[in-house]
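Got the viewer open? Keep the selection box handy, and we'll go from one stop to the next.

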Amino acid sequence: MFQPDTDSTNRTSALSATELFKIKDVRIGDYTMKAWFVAPYPEEYTQQPQLYICEFCFKYMASDYIAGRHKLKCAMKHPPGDEIYREGAISIFEVDGRKNKATDDVPYHNQMYCQNLCLIAKMFLDHKTLYYDVEPFLFYIMTEVDEDGCHFVGYFSKEKCSAMNYNVSCILTLPCYQRKGYGQYLIDFSYLLTKREGKTGTPERPLSDLGLLSYRSYWRSVLFRELRKVDEATSVEELSARTSLTPDDIIACLQLNDMLFKDKITGRYQIDIHDQTLEEHAKKMAQKNYIQIVPEKLTWTPFVLSKERLASITGEATHQVK
Ligand SMILES: [Zn+2]
């Protein structure tokens, strides 16, 4: 949460975070968007109605003039980290939130990049609280590529080591790119990584209202697609193995769509497939014509933490084995 200075000598101490935050609009690349929530930018950046952000390095600036000058000299044309997916105009990068040395090729610290990204996200996600402790996370940055570079569209973050099997921590599509199916695309990508890890996954809770709607829509699409392929004898476990969705999410989704019943005698769940519903949904999705992930285009191996790194992240002492 935003923490205003509580020092009683500070003239701003009596003001609420909302009063301190004067930013109404945020300009990223060629788009100007309304800021939905307060983000903890340094005070000198929150005193004018518009904030300017470089779409490549996420540097934030207070004026159009400074942003224009920065654009001329910014050396970054794509996110730092590794490009792990490219299909058509979509490119996705994996960025480790760990501190790194800037190089000629990537003249920027990952950590600062990820922290600045979290500040952007805070303006559009009400419950988000992560800003500075980015080291335990990997960030997956989705971009649209053209001759000017890789333009930031959205991202999700993911814990390097999640005890709860969370495969997404925060997820955001910039408002200017919403309604193009990119939110579903990002969610699908997060499950593609989980599938590649040989696991099942679920997003960290709580989800924002918009996030919950997106996930429900995604789960329905994926399960309906699978149910069209299988016969009625399929089980929740089989669906889970095919989709990498957790059994709990599958049960919740099927119940929400009236397709799951608990047998009163055996106590087992039974899937009740409504063919007409599946066909109508498939027709609706075809009309939307959203871009689809091409799994073969993913060039990625799952992140593996060494014991030492894991200990440094979790703050535990490293056990020396002799
Ligand atoms: Zn820049």
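Here is a walk through the model, starting with the whole chain and then going site by site.

**The whole chain**

Keep in mind from the start that this is a predicted model. Show everything as a cartoon: you should find nine helices and 13 strands. Switch on the surface next, and you have about 17,700 Å² of accessible area, with 50% of that belonging to carbon and sulfur atoms. The protein has 322 residues, and 45% of them count as buried. If you draw contacts between residues at least 6 apart in sequence, 58% of them join residues at least 24 apart.

**Into the core**

Hide the surface and select Y41, I53, M123, F139 and F189. In the largest nonpolar core, which has 86 residues, these five touch the most other members. Now colour residues 182-196, which is helix α4: this helix gives the most to the core, with eight residues. As background, nonpolar side chains tend to be buried together in soluble globular proteins.

Which residues does F139 contact, once its neighbours within four places in sequence are left aside? Centre on F139 and you'll pick up F93, E94, V95 and G97, then C114, L117 and C118, then V134, and finally Y155, F156 and S157.

While you're here, hop to Q111, which sits in helix α3 (residues 110-122). Q111 has a relative accessible area of 17%, under the 20% cut-off, so it counts as buried. Beyond residues up to four places away in sequence, Q111 touches G97, R98, K99, N100 and V134. You've met G97 and V134 already, since both are on the F139 contact list too.

**The zinc site**

Next, select the zinc ion along with C54, C57, H70 and C74. The donor atoms are SG of the three cysteines and NE2 of H70, and they lie 2.0 to 2.3 Å from the ion. Check the geometry if you like: the angles among the four donor atoms run from 101 to 118 degrees, and the site is tetrahedral. Read along the sequence, the donor residues are spaced C-x2-C-x12-H-x3-C. C57 is in the loop between β3 (50-53) and β4 (60-61), while C74 is in the loop between α2 (64-73) and β5 (82-87), so this pair ties together parts that are 17 residues apart in sequence. Both C57 and C74 are buried.

**E204 and the cis bond**

Now go to E204. In an unreviewed UniProt entry, the "active site" annotation covers this residue. You'll find E204 in the loop between β11 (202-203) and α5 (209-229). Is E204 buried, partly exposed or exposed? With 27% relative accessibility, E204 counts as partly exposed. Apart from neighbours within four places in sequence, E204 is in contact with E159, Y166, V168 and S169.

Stay in that loop, because P206 is found between β11 and α5 as well. Show the backbone here: R205 and P206 are joined by a cis peptide bond, with omega at about 0 degrees.

**Helix α7 and what comes after**

Select residues 247-256 for helix α7, then pick out D249, I250, I251, C253 and L254, the buried residues of this helix. What do they pack against? Colour α4, β11, α5, α6 (236-243), β12 (260-262) and β13 (269-271), and you have the elements on the other side of that packing.

Then step into the loop between α7 and β12, where N257 has its place. N257 has 21% relative accessibility and counts as partly exposed. Leaving out residues up to four places away in sequence, N257 touches R220 and F224. Put a distance label between the C-alpha atoms of N257 and R220: they are 8.1 Å apart in space, with their positions 37 residues apart in sequence.

D258 is in this loop too. Look at its backbone angles: phi is positive, at about 60 degrees, although D258 is not a glycine.

**Last stop: N289**

For another positive phi, jump to N289, where the value is near 55 degrees and the residue is again something other than glycine. N289 lies in the loop between α8 (275-288) and α9 (307-314). The relative accessible area of N289 is 63%, and the residue is exposed.

Technical notes: Residues numbered from 1 in each chain as written. Predicted model: local features only at pLDDT ≥ 70, side-chain atom pairs only at ≥ 80, totals over all residues. Heavy atoms only, no water. Helix = DSSP H or I, 4+ residues; strand = E, 2+ residues; numbered from the N terminus. Buried < 20%, exposed > 50% of the residue type's maximum accessible area, 1.4 Å probe, protein only. Contact = heavy atoms within 4.5 Å. Areas by Shrake-Rupley, 256 points an atom, 1.4 Å probe, with all protein chains shown as cover. Core = buried A, V, L, I, M, F, W, Y, C linked by side-chain atoms within 4.5 Å. UniProt positions renumbered as here; feature names shortened; annotations may be inferred. Donors = N, O, S within 2.8 Å, 3.2 Å for Na, K, Ca; no water. Tetrahedral: all angles 85-135°; square planar, octahedral: opposite > 155°, others 65-115°.
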